[in-house]
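Biologist: I'd like to learn how to read a structure like this one feature at a time. Could you walk me through it?

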Number of protein chains: 2
Amino acid sequence: MSDDRPFDFSILDRIGAPYRHFEAGEKIFLEEDPGDTMYMVRSGRVDIITYGIVLENVQTGGIFGEMALIDDGPRSAAAMAAEPTEVVAIDKPAFLAVVRDDPQFALRVMSLLATRLRRANKQM
Amino acid sequence: MSDDRPFDFSILDRIGAPYRHFEAGEKIFLEEDPGDTMYMVRSGRVDIITYGIVLENVQTGGIFGEMALIDDGPRSAAAMAAEPTEVVAIDKPAFLAVVRDDPQFALRVMSLLATRLRRANKQM
């Protein structure tokens, strides 16, 4: 069992997690937007941007906006589609359903969370 | 379903997670120790210590050492029993078993992780 295996999107389909499509350059959310949903990139590419700088490029199978599962604070960075992109919205109930099906998913999100928090704090 | 409900230890008993007993003042781990296990306090109280300062006091049902589930780096702080204390050791397989049984547990650990990473980075 590897953490690096591709994510099986079928669980998200089964629970009816909503897909959203964005054109290149279209914003997914802005810094300071309220948020209660994280996203997984189904296809395309998403830039995570703060103070006009691209911090990160999230590819297919990648996750962003994961802090929304923990606190109800505003978004700490903006997310913008870098090309035509499809994302799946994962709110708290969807996250709990995915984790029940695939507990490794929790470790994957925890690892991302740790990486991003360390980076965010370094920049302060 | 509340995040604040007391943790049901029976899942840890069912999977045979090992208990360890510590006397008051006994160290559980030291800063820089290697670690692959987080702990939950079953009874008693644990001080989390760095540079001789008590950062946090972990009570019954509380968790510490959770970074060990994510990376294999050394402990970032020491943990010491503040009174006679019993802890349950939760390694990665045990964590996955608990999360499958109780997905809310993943959110609880993520929330702690976020709080501790923010605090740790503020002190650097």
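Modeller: Sure. Keep in mind that this is a predicted model. Let's start with a loop: A:Ala24 sits between β1 (19–22) and β2 (27–29) of chain A.

Biologist: Is A:Ala24 buried, exposed or partly exposed, and why?

Modeller: Buried is under 20% relative accessible area and exposed is over 50%, with partly exposed in between. A:Ala24 comes out at 48% relative accessibility, so it counts as partly exposed.

Biologist: Which residues does A:Ala24 contact, apart from its neighbours within four places in sequence?

Modeller: Those are A:Ala81, A:Ala82, A:Glu83 and A:Pro84. As for distance, A:Met40 is 16 residues from A:Ala24 in sequence, and their C-alpha atoms lie 17 Å apart in space.

Biologist: Let's try a strand in the other chain. Why does B:Thr37 count as buried?

Modeller: Same kind of reasoning: the cut-off for buried is under 20%, and B:Thr37 counts as buried because its relative accessibility is 13%. B:Thr37 belongs to strand β3 (residues 37–43) of chain B. Its side chain makes a polar contact, at 2.8 Å, with the side chain of B:Asp36. Beyond four places in sequence, B:Thr37 touches B:Gly65, B:Ala68, B:Arg75, B:Ala89, B:Ile90 and B:Asp91.

Biologist: What does B:Asp91 do at the start of α2(B)?

Modeller: One of its side-chain oxygens reaches to within 3.0 Å of the backbone nitrogen of B:Ala94.

Biologist: And how do I read burial along a helix? Which residues of α2 in chain B are buried?

Modeller: The general idea is that an α-helix has 3.6 residues a turn, so residues three or four places apart point the same way. In helix α2 (residues 92–101) of chain B, the buried ones are B:Ala94, B:Phe95, B:Leu96, B:Val98 and B:Val99.

Biologist: Now the interface. How many residues does each chain bring to the contact?

Modeller: Chain B brings 23 residues and chain A brings 23 residues. About 2,100 Å² is buried between the two chains, and carbon and sulfur atoms give 76% of that.

Biologist: How many salt bridges and polar contacts are there between chain B and chain A?

Modeller: The salt bridge count is 0, and the rule finds 0 residue pairs in polar contact across the interface, with both residues at pLDDT 80 or more. On chain B's side, the elements giving two or more residues are α2 and α3 (104–122). α3(B) gives the most, with 11 residues.

Biologist: What classes of residue make up that side of chain B?

Modeller: By class, there are 15 nonpolar, 3 polar and 5 charged residues on the side that touches chain A.

Terms used. Residues numbered from 1 in each chain as written. Chains lettered and ligands numbered in written order. Predicted model: local features only at pLDDT ≥ 70, side-chain atom pairs only at ≥ 80, totals over all residues. Heavy atoms only, no water. Buried < 20%, exposed > 50% of the residue type's maximum accessible area, 1.4 Å probe, protein only. Helix = DSSP H or I, 4+ residues; strand = E, 2+ residues; numbered from the N terminus. Polar contact = N/O pair within 3.5 Å; in protein donor to acceptor, adjacent residues only side chain to side chain. Contact = heavy atoms within 4.5 Å. Buried area = accessible area lost by both parts, 1.4 Å probe. Salt bridge = Lys/Arg side-chain N within 4 Å of Asp/Glu carboxyl O. Nonpolar A, V, L, I, M, F, W, Y, C, P; charged D, E, K, R; others polar.
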